[in-house]
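User: Could you take me through one part of this model up close? I'd like the small sheet and whatever packs on it, then a quick look at the helices elsewhere.

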Amino acid sequence: MSQTESRADLAILNYSPTDISLTNSSSVAAQGRLQKEYMQVAMLTSATPSERSDSLVFQPIAALESDNPAKLQQEMQSFSAQHKVNVVEEKGQFVYRINSNGKSSDLFRTAASESGLVDGERKLAALVQAEQGNLKSTYKVDFAPAGEVVGNVRANVYSAAGSDQIKARSPELFELLGLQSALEKSVPGNIGQDGKPIKFYFLADKLIQSLNPLATYQTDKDGRSSVYIWPAMADIKSITEADLSASERRLPFTDPSRPDSIASALTHELGHNQFAKLGYNRQGAFTDGQTELTDKGIKLVNEMGWRRRRDEKDADYNWFLLGKSKDDNGQPSTYMISNTTGMMWQFARWRLDGGAVDAQGKVVPADKGQTLSTTDMAKEAAVPLPTGYFENPEEEYAEGVKLFRLGPDGRSALRDTSPILYKIIERNDQSEINQSFGAAANGTSIKVRDISGDIVDNSIEEQKRLASFDDSISKIP
Ligand SMILES: [Zn+2]
């Protein structure tokens, strides 16, 4: 972690007004990758209870044989809520159903009673074991066993580790199904920066108390490329993109209110893995508070429309977004990102050499400068942004990889919204693929990513298919 000046004006990562505001200064990239997730959580918690549980179906069970029907009903509900598995009574039995990959599947049946529910817990645990085994053998990934120490809890990113240890827990089936979907579309992202398969940790509690992300990418205590799944993942309603409601799916990816699925959130984390694998940063644990870009990384983020500020070396926000407007000195406008209001991002027009700028491009006192909302920044950005989450270059990049890999909807959205980023990700994704699958003697890639997200042979037909998909970039006005 770099030792830098404190900036009282940037209260980043303050999860709620009662949380500790982080006013110390350090790398924003590392903090930033945690920010997204709690923005999503904030949206989820603002949904009405009926919206949040609309995938769970309950029915009156007066007809069931039980000494205490109310208690049994309560137990059914808590089973459903904890595991995202609907328990429904059919012909005197409990049927256990899960919504995944756009369809509802029956997992198993038990007796329609309290002991039946106990049996249900056992059967579900066996399915979790089997699914973990399946992911281990298909993708060679590892899982921290329940009880393995993840690390010591901290109050915030800057505080010293305390004595309380955070341990890994067993995953839920819905989390593993989301992970399976993410891995399917992210191969060879199952392999980490260290050349070993990624290790997944399901956290029993928050590692950093002031944060509430869905998941994070970092090296673990053993220096291994790892993804931590945080407790907030339980608040995500949809396992895969196909499980979003029709109205959610219609929301453009650029709309910050479009919810993530477990699959898309984990695909995003594996996007950070690609960034690290291709040597764009010097990867450290995010708990070190620092992700430093390499020269290659700096070149890349410049291409993506980010400029490094020159007035302060170690500020909270080192990277400014390039705008389309011009300042009165003829230089393009640049915007400093900050998060002074908890969940909301602000984009303050600010020169790279220092100084707030007003809407006419003139340097003005700091409180008179132009400030843009996320939506207005998206319109002003010189290089179009892929989604509503772009608080630093690495997060924008991970979002780009996410869209590229999610399948036809995501990939077309990336191509159509941000052709520049699309070409960057396409090129880099192929580099990551070539790292794992190699290239022929003449340099031709052996494997490519199909529009579906799957890795396929680089046949002539596939090349034509991808070329015609990419060709439509030029048709966009
Ligand atoms: Zn991230």
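Analyst: Here is the sheet, strand by strand, followed by some helix packing.

Two housekeeping points. The model is predicted, with local features needing pLDDT of at least 70, side-chain atom pairs counting only at pLDDT 80 or more, and totals for chains, interfaces and linings using all residues. Numbering starts from 1 along each chain as its sequence is written.

For context, the protein chain has 13 helices and 20 strands; helices (H or I, at least four residues) and strands (E, at least two) are DSSP runs, numbered from the N terminus.

Now the sheet. It's an open one of 3 strands in the order β1-β2-β3, paired antiparallel, where pairing takes at least two DSSP bridges between two strands. The edges are β1 and β3, each pairing on one side only. From one strand to the next the twist averages 30°; for angles here, axes are lines fitted to C-alpha atoms (for helices, over the stretch in contact), and the angles run from 0 to 180 degrees between N-to-C directions.

Start with β1 (residues 86–90) and β2 (residues 93–100), which are held in antiparallel pairing over 5 bridges. Asn-86 sits opposite Arg-97 in β2, and Val-88 has Val-95 as its bridge partner there. The hairpin leaves 2 residues between these strands, and Lys-91 takes a positive phi near 50°.

On the other side, β2 joins β3 (residues 103–111) through 8 bridges, again antiparallel. Tyr-96 finds its bridge partner in Phe-108 of β3. This hairpin also has 2 residues between its strands, with Asn-101 in the turn at a positive phi of about 55°.

What packs on the sheet? That's helix α4 (residues 114–139), which touches β2 and β3 and has a direction about 130° from that of β3.

Leu-176 is worth a stop too. Leu-176 belongs to helix α5 (residues 173–186). It counts as buried because it has 24 C-beta neighbours inside 10 Å; the cut-offs are 20 or more other C-beta atoms within 10 Å for buried, 12 or fewer for exposed, and partly exposed in between, with C-beta atoms placed from the backbone. Setting aside neighbours within four places in sequence, Leu-176 is in contact with Val-128, Glu-131, Gln-132, Leu-135 and Pro-171, contact meaning C-beta atoms, placed from the backbone, that lie within 7 Å. The C-alpha atoms of Leu-176 and Ile-262 are 9.1 Å apart, with 86 residues separating them along the chain.

Next, a helix pair. The axes of α7 (residues 262–277) and α10 come within 7 Å and cross at roughly 120°. That makes α7 oblique to α10, since angles under 35 degrees count as roughly parallel, over 145 as roughly antiparallel, 65 to 115 as roughly perpendicular and the rest as oblique. Among the residues meeting here are His-268, Gly-271 and Phe-275 in α7, and Tyr-397, Val-401 and Arg-405 in α10. The contact divides into 4 nonpolar, 6 polar and 4 charged residues; Ala, Val, Leu, Ile, Met, Phe, Trp, Tyr, Cys and Pro are the nonpolar ones, Asp, Glu, Lys and Arg the charged, and the others, Gly among them, polar.

α10 (393–405) turns up again beside α11: along with α12 (419–437), it is included in what covers the buried residues of α11. Those in α11 (residues 408–417) are Gly-410, Arg-411, Leu-414, Arg-415 and Thr-417.

Zooming out, 43% of the 477 residues of the protein chain count as buried.

Conventions
Two residues are in contact if their C-beta atoms, placed from the backbone, lie within 7 Å.
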